[in-house]
Amino acid sequence: MTEVGWEADEILPGLYLGGLASALDDDALSEKRVGLLISIHDEEQRPPPAACLWHMIECADRADADLLRHLHGCTDLLASYLGGCADGEGGGGEGGG
């Protein structure tokens, strides 16, 4: 069952956007079959479950933080992961395996 810490919104089937509390909710990540986690923060945190690929972007939580410089790398990573799901190599989400 999903823990109280889960605060992510499902943007598309199997694609969630949420905060650090959701990223650290092992039970919810497993329940929702999250296979790729991209986190953007400047805090030292333990990695998510082994079944989940994790990419951390170190960036300060400030209004003037330049998040756009990371966008291309994140979209490339996501496209690669989703391509692997389509080929049966990726995992997680509704379309993964």
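This briefing covers the fold, the aromatic pair, the nonpolar core, the salt bridge and selected residues of one chain. The model is predicted. The chain has 97 residues, of which 28% count as buried. It contains three helices and four strands, arranged along the sequence as β-β-α-α-β-β-α.

**Overall fold and surface**

- The exposed area of the chain is about 6,600 Å², and carbon and sulfur atoms supply 54% of that area.
- Taking contacts between residues at least 6 apart in sequence, 27% join residues at least 24 apart.
- I11, L12 and L17 make a nonpolar surface patch of about 320 Å².
- Within that patch, L12 belongs to strand β1.

**The aromatic pair**

- The structure has one aromatic pair.
- The partners are W6 and Y16, whose ring centres are 5.6 Å apart; their planes meet at 80 degrees, so the pair is edge-to-face.
- An angle over 60 degrees is what places a pair in the edge-to-face class.
- W6 sits in the segment before β1 (9-12), while Y16 is in strand β2 (residues 15-17), so the pair ties together parts that are 10 residues apart in sequence.
- The two residues fall in separate accessibility classes: W6 is buried, with a relative accessible area of 15%, whereas Y16 is partly exposed at 23%.
- The cut-off for buried is under 20% relative accessible area, so W6 qualifies with its 15%, and Y16 does not with its 23%.

**W6 and the nonpolar core**

- The largest nonpolar core consists of eight residues: W6, A8, A23, A28, L29, V34, L37 and C52.
- Neighbours within four places in sequence aside, W6 contacts Y16, S22, D25, A28, L29 and K32.
- A28 and L29 therefore appear both among the contacts of W6 and among the members of the core.
- C52, another member of the core, has its C-alpha 8.5 Å from that of R33, with the two positions 19 residues apart in sequence numbering.

**The salt bridge**

- One salt bridge is found in the whole structure.
- R62 and D64 form this bridge, and their closest N and O atoms are 2.9 Å apart.
- Side chains of opposite charge can pair when their charged atoms come close.
- Both partners count as exposed: D64 has a relative accessibility of 57%, and R62 has one of 53%.

**D9 in strand β1**

- D9 is part of strand β1 and counts as exposed, at 53% relative accessibility.
- Residues up to four places away in sequence aside, D9 touches L15, Y16 and L17.
- Of these contacts, Y16 is also the ring partner of W6, and L17 is also one of the residues of the nonpolar surface patch.
- D9 and S22 are 13 residues apart along the chain, and their C-alpha atoms are separated by 9.9 Å.
- S22 is also among the residues in contact with W6.

**R33 in the loop before β3**

- R33 lies in the loop that runs between α2 (26-31) and β3 (36-41).
- With 40% relative accessibility, R33 counts as partly exposed.

Notes. Residues are numbered from 1 along each chain as its sequence is written. This is a predicted model: local features need pLDDT of at least 70, side-chain atom pairs count only at pLDDT 80 or more; totals for chains, interfaces and linings use all residues. Side-chain values use heavy atoms; hydrogens and water are left out. Rings of Phe, Tyr and Trp (its six-membered ring) pair if their centres lie within 6.5 Å; planes under 30 degrees apart count as stacked, over 60 as edge-to-face and the rest as tilted. Helices (H or I, at least four residues) and strands (E, at least two) are DSSP runs, numbered from the N terminus. Buried means under 20% relative accessible area, exposed over 50%, partly exposed in between (1.4 Å probe, protein chains only). A nonpolar core is a set of buried Ala, Val, Leu, Ile, Met, Phe, Trp, Tyr and Cys residues joined through side-chain atoms within 4.5 Å. Contact means heavy atoms within 4.5 Å. A salt bridge is a side-chain nitrogen of Lys or Arg within 4 Å of a carboxyl oxygen of Asp or Glu. Patches are made of residues with over 30% relative accessible area and no salt bridge: like charges are joined within 9 Å, nonpolar side chains (Val, Leu, Ile, Met, Phe, Trp, Tyr) within 5 Å. Accessible areas come from the Shrake-Rupley method with a 1.4 Å probe; for residues, only the protein chains shown count as cover.
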